[in-house]
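The following exercises invite the reader to work through a structure step by step. Each task is followed by its solution.

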Amino acid sequence: MPLQRPEPPSDDKRWKLVNAAMRRHGYHRSALIEVLHAVQGAFGYLEEEALEYVADSMMLPQSLVYGVATFYHFFTLKPKGEHACVVCTGTACYIKGAGDIIEAVSEKFGVGPGETAQDGSFSLLTARCVGACSLAPAVVYDGEVAGYQGPEDVINKIEEWTGNDA
Ligand code: FES
């Protein structure tokens, strides 16, 4: 039986470009960067669903794909808000309190994971591992990885962004 590849997340034609890139490289893991370039080239940024789709199609762990996407500065992850706060909820970060960070941010700003503040000032995102486990808990502020973050640090940073630091 031929290998069953997953269906694209939508019928957007741009997935065909992504599929073509994966096919061209025989779905081989060494082509991951090329494939992510193809996604970004087609969509302008790397959405979580795109990373999941690539991971599933190429049979790679999502953490690996996410790690590559966040490691290279030439990749952009989708931020709907003006700023993006990505809290790593991978095992190492979770054990060190990533859950508390998310809870504190959600409580303070009314923005849950995957959501954007009503005024569009920032998006709260989660990652499975941003490749900085030794700095856990890690939070990525507009692409900058910061280690040893606590709820207060994250709230302060967001207040800096929103100008709401009274
Ligand atoms: S689990 Fe958070 S950086 Fe790896």
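**Exercise 1.** Determine whether Asn-19 is buried or exposed, and state which residues Asn-19 touches beyond those up to four places away in sequence.

*Solution.* The structure is a predicted model. Step one is to place the residue: Asn-19 belongs to helix α1, which covers residues 14-24. Step two is to apply the cut-off, by which a residue under 20% relative accessible area is buried. Asn-19 has a relative accessible area of 16%, so Asn-19 is buried. Step three is to list the partners: with residues up to four places away in sequence not counted, Asn-19 touches Pro-8, Tyr-27 and Tyr-53.

**Exercise 2.** Tyr-27 and Met-59 both call for a look at the backbone. State the phi value of Tyr-27 and of Met-59, and decide whether each residue is buried or exposed.

*Solution.* Begin with Tyr-27, found in the loop between α1 and α2 (32-43). The phi of Tyr-27 is near 60°, a positive value in a residue other than glycine. With 17% relative accessibility, Tyr-27 counts as buried. Turn next to Met-59, which is located in the loop between α3 and α4 (62-71). Met-59 is not a glycine, yet its phi is positive, at about 55°. The relative accessible area of Met-59 is 57%, and this residue is therefore exposed.

**Exercise 3.** Identify which residues a cis peptide bond joins, and locate Pro-137.

*Solution.* The first step is to read the omega angle: the bond between Ala-136 and Pro-137 is cis, with omega at about -5°. The second step is to find the surroundings in the fold: Pro-137 sits in the loop between β3 (122-127) and β4 (139-141).

**Exercise 4.** State how many salt bridges the count comes to, and examine the pair formed by Glu-159 and Lys-108.

*Solution.* The count comes to two salt bridges. In the pair of Glu-159 and Lys-108, the closest N and O atoms are 3.5 Å apart. Glu-159 lies in helix α7 (residues 151-162) and Lys-108 in helix α6 (residues 98-109), so this salt bridge ties together parts that are 51 residues apart in sequence. Glu-159, at 12% relative accessibility, is buried, whereas Lys-108, with a relative accessible area of 47%, is partly exposed.

The contacts of Lys-108 complete the picture. Apart from neighbours within four places in sequence, Lys-108 is in contact with Ile-155 and Glu-159. Lys-108 and Ile-155 are separated by 47 residues in sequence, while their C-alpha atoms are 7.8 Å apart in space.

**Exercise 5.** Analyse the salt bridge of Glu-160 and Lys-157: how are these residues placed in helix α7?

*Solution.* First, the distance: the closest N and O atoms of Glu-160 and Lys-157 are 3.6 Å apart. Second, the placement: the two residues are three residues apart in helix α7, so about one helical turn separates them. Third, the accessibility: Glu-160 counts as exposed at 54%, and Lys-157 is partly exposed with a relative accessible area of 26%.

**Exercise 6.** Place Glu-52 in the fold, and state how far apart Glu-52 and Asp-11 are in sequence and in space.

*Solution.* Glu-52 is part of helix α3, residues 48-58. At 33% relative accessibility, Glu-52 counts as partly exposed. Glu-52 and Asp-11 are 41 residues apart in sequence, and their C-alpha atoms are 16 Å apart in space.

**Exercise 7.** Describe the chain as a whole: which elements does it contain, and does its radius of gyration come out in agreement or disagreement with a compact globule?

*Solution.* Start with the elements. The chain has seven helices and five strands, and from the N terminus their order is α-α-α-α-β-α-α-β-β-β-β-α.

Continue with the dimensions. For 166 residues a compact globule would have a radius of gyration near 15 Å, and the 17 Å of the chain agrees with this. The C-alpha trace spans about 60 × 30 × 25 Å along its principal axes.

Next, consider packing and surface. Of the 166 residues, 43% are buried. Among contacts with a separation of 6 or more, 63% are between residues 24 or more positions apart. The chain exposes about 9,200 Å², of which carbon and sulfur atoms supply 50%.

Finally, take the charges. The chain has 13 positive and 22 negative charges, and the mean positions of these two sets are 12 Å apart.

Methods. Residues numbered from 1 in each chain as written. Predicted model: local features only at pLDDT ≥ 70, side-chain atom pairs only at ≥ 80, totals over all residues. Heavy atoms only, no water. Helix = DSSP H or I, 4+ residues; strand = E, 2+ residues; numbered from the N terminus. Rg over C-alpha atoms; globule rule 2.2 N^0.38 Å. Buried < 20%, exposed > 50% of the residue type's maximum accessible area, 1.4 Å probe, protein only. Contact = heavy atoms within 4.5 Å. Areas by Shrake-Rupley, 256 points an atom, 1.4 Å probe, with all protein chains shown as cover. Lys, Arg positive; Asp, Glu negative; His and termini not counted. Charge placed at Lys NZ, Arg CZ, Asp CG, Glu CD. Salt bridge = Lys/Arg side-chain N within 4 Å of Asp/Glu carboxyl O.
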